[in-house]
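Please open the structure in a viewer and keep the selection tool at hand. The tour begins with the whole chain and then turns to individual residues.

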Amino acid sequence: MGQGASLAAVLEVVEGAPAKAAARAVLALARAAAELSAVIARPAVEGRLGTTTGGANVDGDAQRKLDLIAEDLCRSALESAGVGPYLSEENDAPVSLDPKGTVAVAIDPLDGSSNIDVNGVIGTIFSVLPARGPDPAVSFFQSGRSQIAAGFFMYGPQTTLVLSLGRGVDVFALDRTAGEFVLVEQSLKIPEGTPEYAINASNHRQWREAVRNYIDDCLRGADGPHGKTYNMRWAGSLVADAFRIFSRGGIFLYPADGRKGYDQGRLRLLYEASPIAFLAEQAGGAATDGERPILDIVPHRPHERAPLVMGSADKVERVRRYHQDVELAHAQPMGLSGARA
Ligand code: F6P
């Protein structure tokens, strides 16, 4: 299907029951995203944007009205699409929307919500998994390799959908006149060799050695081991930072750090790291927690976090070697008998 084809037409031709069920969920989310995008674009005179509700999500982040509007839109869209287990950043526990549903959806209805107040880019990230058993939580305790589909909507100057159903990554943009998403890029590949990194550098002193060494070497520019002058970008919204990497390459890191509660980084595995990792691998890139592929991690809690290192495969591999080097440097020398000296 060529550029300009509608999302509905592209999803119409997917094969197999799991992909068809995932396609229904994606189409429903696309309708919710189009509506949400209109809400976001409206002037804030109705108090829809920055105003907090006084509540907080499971992570203690302040909930804004828009978080709750996004949650309602996504949830009711998925209910109408026959989705079974549903896990949202905005709720403590997974629930079952349709007991007969064959797919489960984990979602961050409004990612990057601290950007709402500053008219910055925000998004919706989702992961579609096969539904497993009557307990809705169980469906989410499978590794990211089981994902049938993953993607994110980005509400920026354009409203964009980056989507994979396991056969590469396609990009769609919302055509507001037609009221539908249309295909704008097929089989997207993360470009290699781009000397650009994204990390919240204010946490430098809190990072572990491997990440600090890697970034310090980037900062050394053409004279350092990377042999290139690096540029840095940080949008502070995962969808915006990820989209830039998908478009022009580079590397994104949200590592574990020494702050209280950040020993597994900041991002949530099921509805942030895992779908982004699925897209990254499908786009020829890679995503790890610094050492192991994100998609190999089996979650044990719905809202667990994971460090995320994502981007072009060569750079992500390089970060893994920095971790290995630190481990080797700290390993105690072994005696000939194999006992530690
Ligand atoms: O998890 C929410 C989120 O806003 C991400 O979208 C973003 O990548 C990250 O947190 C920003 O973190 P920080 O506040 O450290 O810049």
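Begin with the entire chain selected: of its 341 residues, 53% count as buried. The model is a predicted one. Colour the chain by secondary structure, and 7 helices and 15 strands should appear. Aligned along the principal axes, the C-alpha atoms fill a box of roughly 65 × 45 × 40 Å. The radius of gyration is 20 Å, which agrees with the value near 20 Å for a compact globule of 341 residues.

Next, display the contacts. Among those with a separation of 6 or more, 61% join residues that are 24 or more positions apart. Switch to a surface view: the chain exposes about 14,700 Å², and carbon and sulfur atoms supply 50% of that area. Colouring by charge shows 34 positive and 41 negative side chains. The centres of these two sets lie 2 Å apart.

**The aromatic rings**

Now select the aromatic side chains. How many aromatic pairs does a search of the whole structure find? The search gives 7. A pair of aromatic rings is described by the distance of the centres and the angle of the planes.

Select Phe 152 and Phe 246 as one of these pairs; their ring centres are 6.2 Å apart, and the angle of 35° between the planes goes with a tilted arrangement. Phe 152 belongs to strand β7 (residues 149-155) and Phe 246 to helix α5 (residues 238-248), so this pair ties together parts that are 94 residues apart in sequence. Are these two residues buried or exposed? Both Phe 152 and Phe 246 are buried.

Move on to Trp 234 and Tyr 254. Their ring centres are 5.9 Å apart and their planes meet at 55°, so this pair is tilted. Trp 234 sits in the loop between β12 (231-232) and α5, while Tyr 254 is in strand β13 (residues 251-254); the two are 20 residues apart. Trp 234 is partly exposed, having a relative accessible area of 27%. Tyr 254, by contrast, counts as buried because its relative accessibility is 6%, under the limit of 20%.

To complete the aromatic part, select Phe 126, Phe 153 and Phe 181, which ring pairs link into a cluster.

**A histidine in a loop**

Select His 204, in the loop between β11 (196-198) and α4 (209-219). This residue is partly exposed, at 30% relative accessible area. Which residues does His 204 touch, leaving aside those up to four places away in sequence? They are Arg 212 and Asp 216. Then add Ile 69 to the selection: 135 residues separate Ile 69 from His 204 along the chain, and their C-alpha atoms are 35 Å apart.

**Two residues with positive phi**

The last stops concern the backbone. Most residues other than glycine have a negative phi. Asn 119, which is not a glycine, has a positive phi of about 55°. Look for Asn 119 in the loop between β5 (103-111) and β6 (122-130). With 73% relative accessibility, Asn 119 counts as exposed.

Finally, select Ser 187, another residue other than glycine with a positive phi, in this case near 50°. Ser 187 is located in the loop between β10 (180-185) and β11. At 48% relative accessibility, Ser 187 counts as partly exposed, because the exposed class requires over 50%.

Terms used: Residues numbered from 1 in each chain as written. Predicted model: local features only at pLDDT ≥ 70, side-chain atom pairs only at ≥ 80, totals over all residues. Heavy atoms only, no water. Helix = DSSP H or I, 4+ residues; strand = E, 2+ residues; numbered from the N terminus. Rg over C-alpha atoms; globule rule 2.2 N^0.38 Å. Buried < 20%, exposed > 50% of the residue type's maximum accessible area, 1.4 Å probe, protein only. Contact = heavy atoms within 4.5 Å. Areas by Shrake-Rupley, 256 points an atom, 1.4 Å probe, with all protein chains shown as cover. Lys, Arg positive; Asp, Glu negative; His and termini not counted. Charge placed at Lys NZ, Arg CZ, Asp CG, Glu CD. Phe/Tyr/Trp six-rings, centres within 6.5 Å; stacked < 30°, edge-to-face > 60°.
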